[in-house]
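The following exercises are to be solved with the sequence and the coordinates at hand. Each task is followed by a solution in steps.

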Amino acid sequence: MENMLSKKLNRRRFIGLSSCALAGVAVGSQVKVLRALAMTGEVANVTAVTEKEVFTSCGMCVNKCGVIARVRDGVIYKLDPNPHFLKSRGMLCARGNSGVQSVYDPDRLKYPMIRVGERGAGQWRRASWDEALDLVAARLNEVADKYTRAGVMFASSEGFQEHFFLTFAECFGSPNTVRHASLCLASNMQGFGATFGSNPTPDVLNADYVIMSGANRSEALITPDSIDMVTGNGGKRKLVYLDPRFTKSAAKADEWYPIAPGSDLAFILAMIHVIVKEGLYNRSFIENRTVGFEALVPHIEPYTPEWAETECEISAENIRRIAREFAAAAPRAVYYQGRRSSFFDNDTQMRRAMAILNVIVGNWDVKGGMVPTQTIALSTHDYIAPWYSRLDAGTATFLSEKDGSWKHFRDRVLEGAPYPVKGMMVYKQNPVMSVPNREKTLKMMAQMDFICTIDVTMSDTAWYSDVVLPEATYLERLDPAHALSGIVPVVTYREPAIEPLFESKPNLWIMQQLAKRLGDEVYESFDFTMEEYLEHQTTRNPAILESLKKTGVYYEWTEPKYGTTAGQRLKTPSGKLEIYSERYAERGLDPLPVYSRVEQVPKGKYRIIVGRHAFFTQGTTQNNPYLNDIMPENTLWLNTREADRLGLKNGSKVRVRSAVGEEVLRLEATEKIRPDCVYMAHGFGAMSQGLSKVYSRGGCDAALIEDGVEPISGNVSMHQTFVEIMPA
Amino acid sequence: MKNKRYAIVLDTEKCLDCKACTVACKAENGVPLGRENYRNWVEEDELRGTYPNLGQSSTPGQCMHCGNAPCKRVCPTGATGASPEGIITVNDKKCIGCKYCMTACPYNARYYSEKLEAVDKCTFCQHRLAQGRLPACVETCPTKVRLFGDINDPESEVSKILAKRRSRVQKAEMGTKPYLFYLI
Amino acid sequence: MTTLAALTRRPGQLAWFGFLGTGILIGMIAVASVFLRGHGHALNVTREIPWGILISTYVFFVVSSTGLCLVSSLGDVWGFDKFAIIGRRGHLLAILTLVTGFGVMAMELNHPIRMGIYAVISPNLSSPIWWMGALYGIYLILLIGEFTGLMLGFKKMAFTMGLLGFMAAISAHSNLGAVFGLLDARHYWYGSYLPIYFILSALVSGGALTALIVYFNHKARGKALNPTYTEFMLTMGKLQALFLGVLMFFVVWKIIPGLYGQPPEKYEATMALLTGPLAVNFWMFEVALGMVIPFVILINKKTRTPLGVTVAALLSTTGIFFMRYDLVIAGQIVSMRGEAGHAGLLQYFPSLAEMGIVFGAITLCLFLYTLAEKFLPMEGGHRH
Ligand SMILES: Nc1nc2c(c(=O)[nH]1)N[C@H]1C(S)=C(S)[C@@H](COP(=O)(O)OP(=O)(O)OC[C@H]3O[C@@H](n4cnc5c(=O)[nH]c(N)nc54)[C@H](O)[C@@H]3O)O[C@H]1N2
Ligand SMILES: Nc1nc2c(c(=O)[nH]1)N[C@H]1C(S)=C(S)[C@@H](COP(=O)(O)OP(=O)(O)OC[C@H]3O[C@@H](n4cnc5c(=O)[nH]c(N)nc54)[C@H](O)[C@@H]3O)O[C@H]1N2
Ligand code: SF4
Ligand code: SF4
Ligand code: SF4
Ligand code: SF4
Ligand code: SF4
Ligand SMILES: [Mo]
């Protein structure tokens, strides 16, 4: 009772603070409020500076746009784009602008919490850091003693301080790090990597012809592509866009085709067919820089545009025309590879085909084509490698040692074989929401002896944990330097805009404290300050740190460089661009992409497809006050005619049922989707009551999607689930 | 030397409907949460056609800082005024909350702010201009849909682009003389 | 003096005061909720429909005031002797409705006090609302002057004040029409129609209310109408029929240009009245209750009895209340931008607090009037 009361009080005070932060007018009174909060221990520290500008980097999504945080009297008042950060062309998106609220949202995590009731029942007790950390260390040791050190899994997603978490996993002695890649782009990396030796960057800015299939750049923002897609080449260029949905990218495209889901491979093979048959490929380039073209010629024989038309529902005539236009525009043409490729179980081969299509017209290392991805080297920090083998070893042909495969990993934990995994550490990842088939994830968690989540909000995963540790948000941390690769690579970092509020702490501190409790050998790898770490990262080039402090960014060059790979060996086995992959042949895989039809939608059902929303980041920011304000709930998109046929009214509640779950949400009857598909924005229908605005609001796609998997990369396949829809 | 006259030129073709401008404005100007409260907006224009032949555009908007501002004309206490640069302003201390200006504005550019206890609207981020910054919505936009500048200066970007490209204003027939120019 | 004991001896009166008391209480609760929860939460007005039922009720009251003033001036100012008998009552109620109207308006405004200050320090003479404040202010002073004159029997004063008051009423009230009519952004309101229409419809309001006070005063006292009053009622009835006829003529000519050629926004607003969300209000309350039925009652010699005139007056007063509401809402119901619902129409429905304030205001006005009847010598006021 008393506990609840004090919680409520905290919340109140906190709301007061956040509205003050937004007010930005009554400066004097803000200071007073903050002072008052500081007196009661609500705010760790109050800085008395009037207005300062702090260089940092947006932490709301993967793009890490450059930010200048404007701070007034210890309150972050506004985030402005850092004009020096060329990669994002001087912008901050809606989420980037809403970042202030990740600090001042009353729903943020404030104190270490220890579960007292049943797992998931939401009864928590505030604990001191010492108590929480002691408990975590003790439980980790317990699991290690009982089941070996590999018995603890470490789930995490990208972030500037993720590195310390991974280091901790290795020092602890577990090979079982499970990252987001196998939910996101693993098959993409694999398909393009197998062809180019690395994942190239499309030069969207300078391309005259861009084909995007399964990449929604107006909403799934990737800098600078999202911007260049619209403004590149003075907007003169052509954009062909393939998506079962009429997205905001479709609205910007010159041509939109509602392609049959899973049939992109047919479209691409047919394009290759046309280009090969009509001799539109780049002969000399193919001779000099590639291997395996001879094998491609007979391979594509059956893949005529007429054949493809029946698969992908784009007319043969259009396929021919697009292929010719693409070849004519080459090399200033890109068949854009997209990012999230967790689509179908033929995905790696589909991305391979995309890569091959780019290769045969010579779109490599030239202006407006596919350009080698560049990066700026930073010194790294070494640590001891563990000697167990991964739990999910051998589940996919080319499994990433660092990332693993979430789907296979979870299955093996549930099987308990080859060895049990009973401890779970989570950092900056929300698997309950992010991994398809939520029921299974919850089962997996139910069999854990111990779960600890380090997050900034009470995510669904945190909600089902035993200990929740509050990390300081990105605006409250000094973070390591971070190299972002691309055509023009950049280094960025984070200066804290304010001291961490409440009792939140940076991950490095958390890792250090845990390491201390695990023993000296472990702590050794963490015995440094962040400042020292930063200096260490930039030892090879101190100019980096200087530039970061002065402008928030560091560039080696600011204009794209082309032709850097001329005469160089690529990182493929042959050292050349591989149209035919010997390596795939050796592993018993199709060395050239072979089409296989994905399972078709059964009568009376719909295919559920997932996709990004411009206002939210994956399964997270839906609870952010600013963003929630724009879109408080998700809807189920269903084609108007289908809705009429089913007699379902726009805005009415519908029940969506798949083989693995059932969700209820509002219907949005729209022309913007194929009649055989449905769609819902990700991240709603949360189970955590700590996300007050999205708790039980709307539907959760992860609860419906079945956990298919792509065999080569171990990436999940999220578009292979069929659902029924009925009135709710 | 002529006075400055601020204006915004918009190239809506480039608009992604990402609503970065709306959130930036809310954060910059402390506009309270709530779906009625905003100084700028992005309208999804009507969907054209039926599946699979579709088209759609989006149009951002905000106070047009009218040269002949009906909101200013009707305000009984002079709470609504104009700066020398043509920025239509609201002095919240003088506002009696009659909302007459809201009914007078043909663009629905104003809202009643519970926080200020007065009517509020876009100020062209006057306070940022004073610090040498661009308006928040102008600056944050990914594709730079909006251009901001002094239309009385023939060398300014806004003047140059208006000289080069055709443009229109919203509800020209109302005679409000808006200073938001939409390129066509 | 009426004491509680006296009250209990008259159950009708007890019920009446009970009713008024409840109404005022509800109004007070509603007012409190506006102060506690803030305008934004307590009122259902939106950024697109910023004027709701409080504004329309304000209009209803001030139109009533104007109408009462005009009709009751017929006696002491214009020398139509038959009307002299309602001089005092009419003017008193004109004052009370005006003041109540201001009160309702004040609930919509957030800063009535600021209004007083800045309307003087930094007046904007091009603002119809500024003129509205000024003219109604003058009008109120003159009304009070006239009423005082009538009560004290200072005929000269009553006459002068009355004449000036009459002019003030006309200008203030046509200016109120202009508050709407000068908004070129709102096609449904814009034009010279509203100022004229407001004056005309004020006559209907005034006539109806005059008939009502005469009838209920007698009823409440358990007295039968004496011949003077009976004759007054019948004359009033005829006059009212004329007013209603002209009003209907006006309404028809408001609608036709709204349909003809489908003028943008005006057409949608007109259709909102005829077939859209305001159609029930329009056909049932405005047309049937407010105009047609009373008109039929009044032109028919058989039904034009004092009771008939009263019933007609009651109906048209109710109808007019809706008329004001419809006028205010229809003017704003078409979205200024294309983002409203499919028909392009916005939605507004008064909140409980808004309805509470309206109800409270009406009962408060009636309460004050009842008190005045009790304590002031309302009979008389004859010119001779
Ligand atoms: N605003 C915002 N931006 C983001 C993110 C975010 O959460 N929010 N997340 C970032 C991350 S982690 C990623 S991985 C990227 C994701 O970026 P993308 O991969 O571009 O985005 P998605 O929206 O996941 O998927 C793209 C589109 O594929 C369509 N689609 C589904 N099935 C098929 C098919 O069979 N064929 C074709 N051609 N299209 C199909 C979907 O309708 C969807 O519109 O975005 C990044 N950027
Ligand atoms: N159904 C469905 N599933 C999907 C996708 C989909 O579109 N639909 N998309 C897939 C893709 S492409 C990806 S990349 C993955 C992403 O999946 P995840 O990697 O799980 O990413 P998020 O959903 O963004 O969750 C990140 C978590 O980190 C927390 N967090 C944010 N900032 C910080 C911080 O600074 N410190 C700490 N400690 N925590 C922080 C957030 O509160 C949130 O709980 O999801 C995949 N899963
Ligand atoms: S794209 Fe938006 S959320 Fe992502 S880093 Fe940039 S500003 Fe932040
Ligand atoms: S920020 Fe720019 S692109 Fe985004 S909605 Fe606003 S105007 Fe359009
Ligand atoms: S757009 Fe509206 S608020 Fe802005 S100046 Fe014009 S009339 Fe006034
Ligand atoms: S609401 Fe305020 S700004 Fe608007 S007209 Fe009334 S006093 Fe003027
Ligand atoms: S100029 Fe400033 S106040 Fe006006 S809409 Fe843009 S951000 Fe908002
Ligand atoms: Mo992703």
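**Exercise 1: The shell around ligand 7**

Determine which helices of chain B each supply at least two residues of the shell around ligand 7, and classify the residues of that shell.

Solution. In this predicted model, helix H1 (20-29) and helix H5 (136-140) of chain B each supply at least two residues of the shell. The residues around ligand 7 include B:Cys25, B:Asn29, B:Cys122, B:Cys125, B:Ala136 and B:Cys137. By class, the shell divides into seven nonpolar, four polar and one charged.

**Exercise 2: The interface of chain A and chain B**

Establish how much area chain A and chain B bury between them, and describe the polar and charged pairing across the interface.

Solution. Step one concerns area: the two chains bury about 3400 Å² between them, 57% of it on carbon and sulfur atoms. In chain A, the residues that lose the most area to chain B are A:Tyr626, A:Asp629 and A:Glu671, together 16% of what that side buries. Step two counts residues: 40 of chain A are in contact with 38 of chain B. Step three turns to pairs: there are eight salt bridges between the chains, and 18 residue pairs are in polar contact. The side chains of B:Arg128 and A:Asp80 form a salt bridge at 3.2 Å, N to O.

**Exercise 3: The setting of A:Leu577**

Decide whether A:Leu577 is buried or exposed.

Solution. A:Leu577 belongs to strand S21 (residues 577-578) of chain A. Its relative accessibility is 1%, and the cut-off for burial is under 20%, so A:Leu577 counts as buried. Among the residues that A:Leu577 touches are A:Phe196, A:Phe285, A:Val359 and A:Trp364.

Conventions. Residues are numbered from 1 along each chain as its sequence is written. Chains are lettered from A and ligands numbered from 1 in the order in which they are written. This is a predicted model: local features need pLDDT of at least 70, side-chain atom pairs count only at pLDDT 80 or more; totals for chains, interfaces and linings use all residues. Side-chain values use heavy atoms; hydrogens and water are left out. A residue is near a molecule or strand if one of its heavy atoms lies within 4 Å of it. Helices (H or I, at least four residues) and strands (E, at least two) are DSSP runs, numbered from the N terminus. Ala, Val, Leu, Ile, Met, Phe, Trp, Tyr, Cys and Pro count as nonpolar, Asp, Glu, Lys and Arg as charged, and the others, Gly among them, as polar. Buried means under 20% relative accessible area, exposed over 50%, partly exposed in between (1.4 Å probe, protein chains only). Contact means heavy atoms within 4.5 Å. Buried area is the accessible area (1.4 Å probe) that two parts lose on being put together, summed over both. A salt bridge is a side-chain nitrogen of Lys or Arg within 4 Å of a carboxyl oxygen of Asp or Glu. A polar contact is a pair of N or O atoms within 3.5 Å; within protein, one must be able to donate a hydrogen and the other to accept it, and residues adjacent in sequence count only if both atoms are side-chain atoms. Lists of a residue's contacts leave out its neighbours within four places in sequence.
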